[in-house]
Amino acid sequence: MSGYHPDDMTLMNYAAGSCTIPESLAVAMHLCFCHDCRQHVKNLNHLGGALLETIKPASTDDDAFESLMASLEPHAQSEIAQVKMEPTPSEKITQHFTNPLLRYLPTSLADLPWQRQTKEISKYDLTSLINVKGFQVALQKINAGAKVPKHTHKGFEYTVILSGGFSDELGVYHEGDFIARDASHKHSPTALQNEDCICLTVLNAPLKFTGWYRVLNPFMAWS
Amino acid sequence: MTTKKAVSMNDSTATNDAPDWGALLARVAENDDKAAFRAIYQHFAPRIKAYAINQGFSQHAEVLVQEVMTSVWRNAGKYSESLASVSTWIFTITRNQRIDILRKLNRTRAEVVIETEELWQIPTEDTTICSIQNLSTEKFVKTAIDKLPEEQMIALRKVYYEGKTHEEVAEELNIPLGTVKGRLRLSLQKLRVMFEDKEI
(Lines give C-alpha, C1' and ligand atoms only; values in the text may rest on other atoms or scores of the structure.)
Protein backbone atom coordinates (compact mmCIF):
# COMPACT_ATOMS: atom_id res chain seq x y z
CA MET A 1 0.00 0.00 0.00
CA SER A 2 1.51 3.29 -0.99
CA GLY A 3 1.42 6.51 0.99
CA TYR A 4 1.28 9.14 -1.75
CA HIS A 5 -1.66 9.16 -4.12
CA PRO A 6 -3.06 11.17 -7.04
CA ASP A 7 -5.50 13.77 -5.70
CA ASP A 8 -9.27 13.44 -6.18
CA MET A 9 -9.25 15.77 -9.16
CA THR A 10 -6.61 13.71 -10.97
CA LEU A 11 -8.54 10.50 -10.30
CA MET A 12 -11.75 12.10 -11.51
CA ASN A 13 -10.15 13.34 -14.72
CA TYR A 14 -8.81 9.82 -15.24
CA ALA A 15 -12.18 8.15 -14.64
CA ALA A 16 -13.92 10.67 -16.88
CA GLY A 17 -11.30 10.05 -19.56
CA SER A 18 -10.46 13.73 -19.74
CA CYS A 19 -6.78 13.54 -18.84
CA THR A 20 -3.99 13.13 -21.36
CA ILE A 21 -2.52 9.75 -22.35
CA PRO A 22 0.78 10.29 -20.47
CA GLU A 23 -1.12 11.33 -17.33
CA SER A 24 -3.33 8.28 -17.62
CA LEU A 25 -0.23 6.09 -17.77
CA ALA A 26 1.03 7.52 -14.47
CA VAL A 27 -2.36 7.03 -12.82
CA ALA A 28 -2.74 3.50 -14.23
CA MET A 29 0.71 2.59 -12.98
CA HIS A 30 -0.18 3.81 -9.49
CA LEU A 31 -3.43 1.80 -9.60
CA CYS A 32 -1.34 -1.37 -10.01
CA PHE A 33 -0.03 -0.76 -6.51
CA CYS A 34 -2.88 0.91 -4.70
CA HIS A 35 -6.04 -0.82 -3.58
CA ASP A 36 -7.59 2.37 -2.18
CA CYS A 37 -7.24 4.30 -5.43
CA ARG A 38 -8.55 1.33 -7.43
CA GLN A 39 -11.57 1.36 -5.20
CA HIS A 40 -12.01 5.08 -5.63
CA VAL A 41 -11.70 4.88 -9.43
CA LYS A 42 -14.28 2.13 -9.33
CA ASN A 43 -16.60 4.48 -7.46
CA LEU A 44 -15.89 7.25 -9.94
CA ASN A 45 -16.69 4.82 -12.77
CA HIS A 46 -19.99 4.14 -11.02
CA LEU A 47 -20.54 7.88 -11.05
CA GLY A 48 -19.98 7.80 -14.82
CA GLY A 49 -22.49 4.97 -15.11
CA ALA A 50 -25.06 6.81 -13.04
CA LEU A 51 -24.58 9.96 -15.13
CA LEU A 52 -25.02 7.90 -18.30
CA GLU A 53 -28.38 6.76 -16.95
CA THR A 54 -29.51 10.32 -16.22
CA ILE A 55 -28.31 11.85 -19.50
CA LYS A 56 -31.02 13.13 -21.87
CA PRO A 57 -31.10 10.48 -24.64
CA ALA A 58 -30.54 11.56 -28.25
CA SER A 59 -32.51 10.01 -31.09
CA THR A 60 -30.64 7.38 -33.08
CA ASP A 61 -31.03 6.60 -36.78
CA ASP A 62 -33.99 4.32 -37.51
CA ASP A 63 -32.09 1.69 -39.43
CA ALA A 64 -28.98 1.86 -37.25
CA PHE A 65 -29.85 -1.21 -35.18
CA GLU A 66 -30.55 -3.45 -38.16
CA SER A 67 -27.42 -2.39 -39.99
CA LEU A 68 -25.38 -2.96 -36.85
CA MET A 69 -26.91 -6.43 -36.42
CA ALA A 70 -25.97 -7.27 -39.98
CA SER A 71 -22.34 -6.52 -39.23
CA LEU A 72 -22.09 -8.62 -36.08
CA GLU A 73 -20.82 -12.14 -35.94
CA PRO A 74 -22.36 -14.86 -33.81
CA HIS A 75 -20.52 -15.76 -30.64
CA ALA A 76 -18.37 -18.85 -31.10
CA GLN A 77 -19.25 -21.65 -28.72
CA SER A 78 -15.62 -22.20 -27.75
CA GLU A 79 -15.39 -18.59 -26.68
CA ILE A 80 -18.30 -19.02 -24.30
CA ALA A 81 -16.85 -22.18 -22.82
CA GLN A 82 -13.64 -20.29 -22.17
CA VAL A 83 -15.42 -17.46 -20.43
CA LYS A 84 -17.32 -19.84 -18.25
CA MET A 85 -14.14 -21.34 -16.95
CA GLU A 86 -13.31 -20.25 -13.42
CA PRO A 87 -10.06 -18.36 -13.23
CA THR A 88 -7.31 -20.16 -11.39
CA PRO A 89 -6.32 -18.70 -8.03
CA SER A 90 -3.10 -17.21 -9.35
CA GLU A 91 -4.97 -15.48 -12.18
CA LYS A 92 -7.34 -14.05 -9.63
CA ILE A 93 -4.55 -12.43 -7.72
CA THR A 94 -2.81 -10.83 -10.66
CA GLN A 95 -6.05 -9.84 -12.33
CA HIS A 96 -6.76 -6.69 -10.32
CA PHE A 97 -4.87 -4.33 -12.51
CA THR A 98 -2.04 -5.24 -14.84
CA ASN A 99 1.05 -3.17 -15.38
CA PRO A 100 0.11 -1.17 -18.50
CA LEU A 101 3.69 -1.27 -19.77
CA LEU A 102 4.17 -5.01 -19.39
CA ARG A 103 3.46 -5.85 -23.03
CA TYR A 104 5.75 -3.13 -24.31
CA LEU A 105 8.93 -3.76 -22.39
CA PRO A 106 11.38 -6.18 -24.04
CA THR A 107 12.45 -7.73 -20.74
CA SER A 108 12.17 -7.35 -16.99
CA LEU A 109 12.95 -3.96 -15.43
CA ALA A 110 16.35 -5.12 -14.19
CA ASP A 111 17.48 -6.27 -17.65
CA LEU A 112 16.26 -3.32 -19.71
CA PRO A 113 18.81 -1.76 -22.06
CA TRP A 114 19.20 1.26 -19.80
CA GLN A 115 20.68 4.34 -21.34
CA ARG A 116 23.30 5.91 -19.14
CA GLN A 117 22.83 9.56 -18.26
CA THR A 118 25.48 9.91 -15.59
CA LYS A 119 27.45 7.35 -13.66
CA GLU A 120 24.53 6.80 -11.34
CA ILE A 121 21.45 7.66 -13.33
CA SER A 122 20.09 5.94 -16.40
CA LYS A 123 16.87 5.98 -18.35
CA TYR A 124 14.73 3.91 -20.68
CA ASP A 125 12.81 6.25 -22.93
CA LEU A 126 9.11 5.66 -23.57
CA THR A 127 8.30 8.93 -25.29
CA SER A 128 7.69 7.30 -28.66
CA LEU A 129 5.49 4.60 -27.14
CA ILE A 130 3.25 7.25 -25.62
CA ASN A 131 3.72 9.63 -28.52
CA VAL A 132 1.91 12.72 -27.30
CA LYS A 133 3.43 16.02 -28.36
CA GLY A 134 4.97 18.02 -25.55
CA PHE A 135 5.38 15.08 -23.19
CA GLN A 136 8.47 13.16 -22.22
CA VAL A 137 7.89 9.77 -20.67
CA ALA A 138 10.60 7.45 -19.38
CA LEU A 139 11.62 4.93 -16.82
CA GLN A 140 14.42 6.21 -14.62
CA LYS A 141 16.94 4.28 -12.63
CA ILE A 142 18.88 5.94 -9.83
CA ASN A 143 21.55 3.82 -8.19
CA ALA A 144 21.10 3.15 -4.50
CA GLY A 145 22.04 6.23 -2.51
CA ALA A 146 22.70 8.41 -5.59
CA LYS A 147 21.47 11.97 -5.82
CA VAL A 148 19.81 13.63 -8.80
CA PRO A 149 21.07 17.19 -9.34
CA LYS A 150 18.72 19.89 -8.08
CA HIS A 151 16.19 20.87 -10.71
CA THR A 152 12.88 22.64 -11.19
CA HIS A 153 10.09 21.85 -13.60
CA LYS A 154 8.78 24.13 -16.27
CA GLY A 155 5.48 22.32 -16.43
CA PHE A 156 4.61 19.44 -14.18
CA GLU A 157 6.15 16.09 -13.44
CA TYR A 158 4.45 12.91 -12.28
CA THR A 159 6.59 10.21 -10.77
CA VAL A 160 5.48 6.72 -9.84
CA ILE A 161 7.97 4.54 -8.00
CA LEU A 162 8.12 1.02 -9.39
CA SER A 163 10.79 -0.32 -7.07
CA GLY A 164 13.03 1.00 -4.35
CA GLY A 165 12.41 4.53 -3.14
CA PHE A 166 13.81 8.04 -2.90
CA SER A 167 13.62 11.05 -0.66
CA ASP A 168 13.64 14.76 -1.34
CA GLU A 169 13.07 17.98 0.59
CA LEU A 170 9.38 17.17 0.98
CA GLY A 171 9.29 13.53 1.97
CA VAL A 172 10.33 9.91 1.64
CA TYR A 173 8.69 7.84 -1.08
CA HIS A 174 8.36 4.13 -1.58
CA GLU A 175 7.13 1.60 -4.10
CA GLY A 176 3.82 2.60 -5.64
CA ASP A 177 3.89 6.21 -4.51
CA PHE A 178 2.55 8.81 -6.91
CA ILE A 179 4.33 12.15 -6.69
CA ALA A 180 3.16 15.28 -8.50
CA ARG A 181 5.46 18.26 -8.85
CA ASP A 182 5.03 21.56 -10.65
CA ALA A 183 7.02 24.67 -11.44
CA SER A 184 6.97 25.86 -7.86
CA HIS A 185 9.05 22.91 -6.65
CA LYS A 186 12.80 22.79 -6.68
CA HIS A 187 14.03 19.42 -5.58
CA SER A 188 16.90 16.99 -5.62
CA PRO A 189 15.75 13.41 -5.14
CA THR A 190 18.13 10.96 -3.50
CA ALA A 191 17.61 7.23 -3.92
CA LEU A 192 17.31 5.27 -0.69
CA GLN A 193 20.47 3.49 0.39
CA ASN A 194 19.50 -0.15 0.22
CA GLU A 195 18.45 -0.59 -3.41
CA ASP A 196 18.29 1.04 -6.84
CA CYS A 197 15.24 3.17 -7.41
CA ILE A 198 13.25 2.65 -10.60
CA CYS A 199 10.42 5.00 -11.41
CA LEU A 200 8.17 6.13 -14.21
CA THR A 201 8.36 9.83 -14.95
CA VAL A 202 5.92 11.84 -17.02
CA LEU A 203 6.99 15.34 -17.88
CA ASN A 204 5.14 17.96 -19.87
CA ALA A 205 8.10 20.25 -20.34
CA PRO A 206 11.86 19.80 -20.10
CA LEU A 207 13.47 20.04 -16.68
CA LYS A 208 15.68 22.91 -15.71
CA PHE A 209 18.68 22.15 -13.62
CA THR A 210 19.57 24.90 -11.18
CA GLY A 211 22.79 26.03 -9.55
CA TRP A 212 26.03 24.61 -10.88
CA TYR A 213 24.29 21.86 -12.75
CA ARG A 214 22.59 24.30 -15.10
CA VAL A 215 25.36 23.55 -17.58
CA LEU A 216 23.69 20.17 -17.97
CA ASN A 217 20.47 21.69 -19.22
CA PRO A 218 21.10 21.37 -22.94
CA PHE A 219 22.58 17.88 -22.64
CA MET A 220 20.77 15.96 -20.04
CA ALA A 221 17.11 15.35 -19.70
CA TRP A 222 16.09 13.75 -16.45
CA SER A 223 13.36 12.34 -18.52
CA MET B 1 -39.19 -18.91 -25.00
CA THR B 2 -36.71 -16.30 -23.84
CA THR B 3 -37.53 -14.01 -26.75
CA LYS B 4 -40.98 -13.22 -25.43
CA LYS B 5 -39.58 -11.93 -22.18
CA ALA B 6 -37.14 -9.62 -23.94
CA VAL B 7 -39.84 -8.04 -26.10
CA SER B 8 -41.81 -7.14 -23.02
CA MET B 9 -38.70 -5.46 -21.71
CA ASN B 10 -38.49 -3.09 -24.64
CA ASP B 11 -40.90 -0.60 -23.18
CA SER B 12 -38.82 -0.19 -20.08
CA THR B 13 -38.55 3.53 -19.73
CA ALA B 14 -39.59 3.37 -16.10
CA THR B 15 -36.55 3.87 -13.88
CA ASN B 16 -37.85 1.98 -10.86
CA ASP B 17 -38.33 -1.25 -12.66
CA ALA B 18 -35.15 -1.46 -14.70
CA PRO B 19 -34.64 -4.73 -16.59
CA ASP B 20 -31.97 -7.14 -15.48
CA TRP B 21 -29.34 -5.96 -17.95
CA GLY B 22 -26.86 -8.58 -16.75
CA ALA B 23 -29.27 -11.39 -17.65
CA LEU B 24 -29.88 -9.83 -21.06
CA LEU B 25 -26.13 -9.66 -21.71
CA ALA B 26 -25.80 -13.31 -20.75
CA ARG B 27 -28.47 -14.19 -23.33
CA VAL B 28 -26.60 -12.21 -25.97
CA ALA B 29 -23.40 -14.11 -25.18
CA GLU B 30 -24.97 -17.55 -24.92
CA ASN B 31 -27.69 -17.52 -27.58
CA ASP B 32 -26.84 -14.56 -29.83
CA ASP B 33 -30.24 -13.36 -28.62
CA LYS B 34 -31.22 -10.51 -30.92
CA ALA B 35 -34.23 -9.43 -28.85
CA ALA B 36 -32.10 -9.14 -25.73
CA PHE B 37 -29.52 -7.13 -27.65
CA ARG B 38 -32.21 -4.90 -29.07
CA ALA B 39 -33.45 -4.14 -25.55
CA ILE B 40 -29.94 -3.17 -24.49
CA TYR B 41 -29.47 -1.13 -27.66
CA GLN B 42 -32.74 0.73 -27.30
CA HIS B 43 -31.87 1.81 -23.81
CA PHE B 44 -28.17 2.58 -24.15
CA ALA B 45 -27.60 3.67 -27.77
CA PRO B 46 -29.51 6.98 -27.38
CA ARG B 47 -27.54 7.71 -24.21
CA ILE B 48 -24.20 6.90 -25.83
CA LYS B 49 -25.17 9.12 -28.73
CA ALA B 50 -26.02 11.98 -26.37
CA TYR B 51 -22.64 11.46 -24.71
CA ALA B 52 -20.91 11.53 -28.10
CA ILE B 53 -22.69 14.73 -29.14
CA ASN B 54 -21.83 16.37 -25.82
CA GLN B 55 -18.21 15.38 -26.35
CA GLY B 56 -18.24 17.21 -29.68
CA PHE B 57 -18.40 14.17 -31.96
CA SER B 58 -21.36 15.65 -33.93
CA GLN B 59 -21.28 13.85 -37.30
CA HIS B 60 -19.20 11.02 -35.84
CA ALA B 61 -21.65 10.46 -32.96
CA GLU B 62 -23.23 7.45 -34.67
CA VAL B 63 -19.76 5.98 -35.23
CA LEU B 64 -19.13 5.96 -31.49
CA VAL B 65 -22.54 4.34 -30.89
CA GLN B 66 -21.77 1.58 -33.40
CA GLU B 67 -18.28 0.99 -32.00
CA VAL B 68 -19.52 0.77 -28.43
CA MET B 69 -22.47 -1.48 -29.23
CA THR B 70 -20.23 -3.75 -31.33
CA SER B 71 -17.92 -4.03 -28.36
CA VAL B 72 -20.88 -4.76 -26.05
CA TRP B 73 -21.99 -7.56 -28.38
CA ARG B 74 -18.50 -9.05 -28.67
CA ASN B 75 -17.67 -8.82 -24.98
CA ALA B 76 -21.09 -9.68 -23.56
CA GLY B 77 -19.70 -12.99 -22.30
CA LYS B 78 -16.96 -11.23 -20.39
CA TYR B 79 -19.37 -9.08 -18.42
CA SER B 80 -19.67 -10.11 -14.83
CA GLU B 81 -21.58 -8.48 -12.03
CA SER B 82 -18.41 -8.68 -10.00
CA LEU B 83 -16.84 -6.10 -12.34
CA ALA B 84 -19.46 -3.39 -12.31
CA SER B 85 -23.12 -2.72 -12.96
CA VAL B 86 -24.04 -2.85 -16.66
CA SER B 87 -24.42 0.93 -16.98
CA THR B 88 -21.01 1.44 -15.39
CA TRP B 89 -19.53 -1.25 -17.63
CA ILE B 90 -21.02 0.42 -20.71
CA PHE B 91 -19.83 3.82 -19.49
CA THR B 92 -16.25 2.53 -19.29
CA ILE B 93 -16.47 0.98 -22.77
CA THR B 94 -17.88 4.23 -24.14
CA ARG B 95 -15.18 6.30 -22.51
CA ASN B 96 -12.44 4.01 -23.83
CA GLN B 97 -13.85 3.90 -27.36
CA ARG B 98 -14.14 7.68 -27.41
CA ILE B 99 -10.48 8.00 -26.44
CA ASP B 100 -9.54 5.33 -28.98
CA ILE B 101 -11.34 7.03 -31.85
CA LEU B 102 -9.71 10.37 -31.01
CA ARG B 103 -6.30 8.75 -30.79
CA LYS B 104 -6.74 7.06 -34.16
CA LEU B 105 -7.85 10.29 -35.80
CA ASN B 106 -4.70 11.99 -34.52
CA ARG B 107 -2.35 9.24 -35.58
CA THR B 108 -0.37 10.14 -38.63
CA ARG B 109 1.40 6.86 -39.35
CA ALA B 110 1.32 3.25 -38.32
CA GLU B 111 3.27 2.95 -35.12
CA VAL B 112 3.44 0.94 -31.96
CA VAL B 113 1.73 2.92 -29.26
CA ILE B 114 0.35 1.83 -25.96
CA GLU B 115 -3.24 0.56 -26.22
CA THR B 116 -6.09 2.52 -24.65
CA GLU B 117 -7.30 -0.67 -22.99
CA GLU B 118 -4.02 -0.94 -21.10
CA LEU B 119 -4.32 2.57 -19.76
CA TRP B 120 -7.97 2.46 -18.82
CA GLN B 121 -8.56 -1.00 -17.45
CA ILE B 122 -11.64 -1.85 -15.52
CA PRO B 123 -10.31 -2.44 -12.04
CA THR B 124 -11.44 -5.73 -10.60
CA GLU B 125 -11.60 -7.15 -7.14
CA ASP B 126 -12.20 -10.84 -7.00
CA THR B 127 -14.74 -11.51 -4.31
CA THR B 128 -18.32 -12.54 -4.80
CA ILE B 129 -19.30 -9.92 -2.25
CA CYS B 130 -18.36 -7.46 -4.96
CA SER B 131 -21.33 -8.28 -7.14
CA ILE B 132 -23.74 -7.44 -4.38
CA GLN B 133 -21.65 -4.41 -3.53
CA ASN B 134 -21.65 -3.21 -7.13
CA LEU B 135 -25.37 -3.35 -7.53
CA SER B 136 -25.97 -1.55 -4.30
CA THR B 137 -23.21 0.93 -5.15
CA GLU B 138 -25.01 1.83 -8.35
CA LYS B 139 -28.23 2.58 -6.49
CA PHE B 140 -26.21 4.35 -3.85
CA VAL B 141 -24.46 6.60 -6.39
CA LYS B 142 -27.82 7.56 -7.86
CA THR B 143 -29.07 8.67 -4.46
CA ALA B 144 -25.76 10.32 -3.65
CA ILE B 145 -25.73 12.50 -6.76
CA ASP B 146 -29.29 13.57 -6.01
CA LYS B 147 -27.97 15.03 -2.80
CA LEU B 148 -25.35 17.19 -4.53
CA PRO B 149 -26.23 20.84 -5.14
CA GLU B 150 -27.22 21.58 -8.74
CA GLU B 151 -24.19 23.82 -9.37
CA GLN B 152 -21.82 21.00 -8.41
CA MET B 153 -23.71 18.52 -10.59
CA ILE B 154 -23.47 20.85 -13.58
CA ALA B 155 -19.70 21.06 -13.16
CA LEU B 156 -19.37 17.26 -12.77
CA ARG B 157 -21.53 16.63 -15.80
CA LYS B 158 -19.45 18.98 -17.94
CA VAL B 159 -16.25 17.18 -17.00
CA TYR B 160 -17.67 13.66 -17.39
CA TYR B 161 -20.05 14.16 -20.24
CA GLU B 162 -18.75 17.01 -22.26
CA GLY B 163 -15.07 16.25 -21.80
CA LYS B 164 -14.57 19.87 -20.81
CA THR B 165 -11.43 21.08 -19.11
CA HIS B 166 -11.90 23.10 -15.95
CA GLU B 167 -10.98 26.23 -17.90
CA GLU B 168 -13.67 25.55 -20.50
CA VAL B 169 -16.28 24.95 -17.80
CA ALA B 170 -15.36 28.29 -16.20
CA GLU B 171 -15.65 30.11 -19.50
CA GLU B 172 -18.95 28.52 -20.37
CA LEU B 173 -20.59 29.18 -17.01
CA ASN B 174 -18.94 32.57 -16.88
CA ILE B 175 -17.50 32.00 -13.42
CA PRO B 176 -13.90 32.16 -12.19
CA LEU B 177 -11.70 29.08 -12.65
CA GLY B 178 -11.21 28.87 -8.89
CA THR B 179 -14.97 28.55 -8.41
CA VAL B 180 -15.15 25.64 -10.88
CA LYS B 181 -12.30 23.85 -9.15
CA GLY B 182 -13.93 24.58 -5.79
CA ARG B 183 -17.26 23.11 -6.88
CA LEU B 184 -15.64 20.00 -8.32
CA ARG B 185 -13.49 19.54 -5.26
CA LEU B 186 -16.48 19.92 -2.94
CA SER B 187 -18.57 17.44 -4.89
CA LEU B 188 -15.73 14.91 -4.89
CA GLN B 189 -15.16 15.37 -1.18
CA LYS B 190 -18.84 14.81 -0.49
CA LEU B 191 -18.93 11.73 -2.67
CA ARG B 192 -15.80 10.36 -1.05
CA VAL B 193 -17.28 10.83 2.41
CA MET B 194 -20.52 9.19 1.31
CA PHE B 195 -18.61 6.27 -0.20
CA GLU B 196 -16.48 5.82 2.88
CA ASP B 197 -19.47 5.92 5.22
CA LYS B 198 -21.07 3.27 3.14
CA GLU B 199 -18.09 0.93 3.11
CA ILE B 200 -17.90 0.71 6.88
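Over residues 1-15 of chain B, pLDDT (the predictor's confidence in each residue, from 0 to 100) stays under 50. For this stretch the model has 17 contacts beyond four places in sequence, a contact being heavy atoms within 4.5 Å.

This is a predicted model, in which local features need pLDDT of at least 70 and side-chain atom pairs count only at pLDDT 80 or more, while totals for chains, interfaces and linings use all residues. Residues are numbered from 1 along each chain as its sequence is written, chains are lettered from A and ligands numbered from 1 in the order in which they are written, and side-chain values use heavy atoms, with hydrogens and water left out.

**Confidence in chain B**

The mean pLDDT of chain B is 81. Of its residues, 80% reach 70 or more. Helices here are DSSP runs (H or I, at least four residues), numbered from the N terminus. Among the elements of chain B, helix α1 (residues 2-9) has the lowest mean pLDDT, 41. Helix α3(B) has the highest, 95.

**The interface**

Chain B puts 77 residues in contact with 68 residues of chain A. The buried area is about 6700 Å²; this is the accessible area (1.4 Å probe) that two parts lose on being put together, summed over both. Carbon and sulfur atoms give 61% of the area buried between chain B and chain A.

Five salt bridges cross the interface of chain B and chain A, each a side-chain nitrogen of Lys or Arg within 4 Å of a carboxyl oxygen of Asp or Glu. Elements that give two or more residues to the side of chain B that touches chain A include α2 (21-31), α3 (34-54) and α10 (177-199) of chain B. The largest share, 15 residues, comes from α3(B).

By class, the side of chain B that touches chain A has 38 nonpolar, 16 polar and 23 charged residues. Nonpolar means Ala, Val, Leu, Ile, Met, Phe, Trp, Tyr, Cys and Pro; charged means Asp, Glu, Lys and Arg; the others, Gly among them, are polar.

| Class, side of chain B that touches chain A | Residues |
|---|---|
| nonpolar | 38 residues |
| polar | 16 residues |
| charged | 23 residues |

**Two pairs between α4(A) and α3(B)**

The structure holds 15 salt bridges over all chains. Glu66(A) lies in helix α4 of chain A and Lys34(B) in helix α3 of chain B, so this pair joins two chains. Their side chains meet at 3.1 Å, N to O.

Aromatic pairs number 14 over all chains. Rings of Phe, Tyr and Trp (its six-membered ring) pair if their centres lie within 6.5 Å; planes under 30 degrees apart count as stacked, over 60 as edge-to-face and the rest as tilted. The rings of Phe65(A) and Phe37(B) have centres 6.0 Å apart and planes at 35°, so the pair is tilted. This pair also crosses between chains, from helix α4 (residues 64-71) of chain A to helix α3 of chain B.
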